[in-house]
Amino acid sequence: MTTNRPSLMHRKFMQFFAEQDDASEGHTSSQCPVDLSDSYTPEPFQKQYCFFYGTLMDPPTLASILRLPEPPVMRPAKVVGYHIKLWGPYPALLVGPPLHPVEGLAYEVQSQEQLDRLSAYETSKYRIKACMIKFPSENGGEEERVRGKVFVWNGESEELREGNFSLEKWLQQRKRKGP
């Protein structure tokens with residue numbers, strides 16, 4: 001892990017001026033007010049679990065989004081300290097109350113490209129957030145815990161309503177509407 005990681009603002013400046021350099025002929029790094037000589041190299045992607053609580057719990061849907069040749073292997077999981085409301089027919093995960101569990105499934109994301117595909121599918125109404133994912137123990141012992149990612153609501157609270165999401169009902173409605 002890099003200890004001299006530039007701040008988020010510095011990385012944004014570096015990205016902005018690199019894009020400007022590509023877009024503008026004749027623009028040189030000497031015109032850039034940020035020193036790019038000590039450029040930041042992002043850490044390589046590491047596989048990580050992503051927790052799903054809605055439509056992406058359906059393996060064929062997830063396989064389609066990630067362009068996988070077959071349905072992925074997913075694990076029963078939960079996150080604690082969240083609750084669900086509905087945005088139209090879709091669930092929206094919100095923080096709180098502290099000990100409230102939300103059940104779902106987790107998949108180990110294999111690449112940055114897969115994470116980008118998930119973000120595009122979720123739209124700007126959701127943002128990715130670090131979380132602790134708990135997997136049930138098969139023998140009744142201590143749950144396995146891993147750091148992972150989850151998509152939480154990023155829209156206006158007025159857009160949400162109380163209710164529960166049913167994957168089965170969503171799949172039935174989708175089947176009736178067709179592809």
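This passage describes the confidence, one strand hairpin and the largest pocket of a predicted model. Local features require pLDDT of at least 70 and side-chain atom pairs count only at pLDDT 80 or more, while totals for chains, interfaces and linings use all residues. Residues are numbered from 1 along each chain as its sequence is written, and side-chain values use heavy atoms, with hydrogens and water left out.

The protein has an average pLDDT (the predictor's confidence in each residue, from 0 to 100) of 85, and 76% of the residues score at least 70. Among helices (H or I, at least four residues) and strands (E, at least two), taken as DSSP runs numbered from the N terminus, confidence is lowest in helix α1 (residues 8-23), with a mean of 57, and highest in strand β1 (residues 48-52), at 98. The pLDDT is below 50 over residues 24-30, a stretch with five contacts (heavy atoms within 4.5 Å) beyond near neighbours in sequence.

Strands β3 (residues 82-87) and β4 (residues 90-95) run antiparallel and are joined by six bridges; pairing requires at least two DSSP bridges between two strands. H83 has L94 of β4 as its bridge partner. Two residues lie between the strands of this hairpin, in which G88 takes a positive phi near 60°.

A pocket is an open set of points on a 1 Å grid over the protein atoms alone, where a 1.4 Å probe fits, with protein on both sides within 12 Å along at least five of seven lines; lining residues have an atom within 4 Å of a point. The largest pocket has a volume (the space filled by probe spheres set on the points) of about 540 Å³. Its lining comprises 16 residues, of which F45, Q46, Q48, L115 and K149 lie nearest the centre. Elements giving two or more residues to this lining are α3 (112-122), β6 (126-135) and β7 (144-153), and α3 gives the largest share, four residues.
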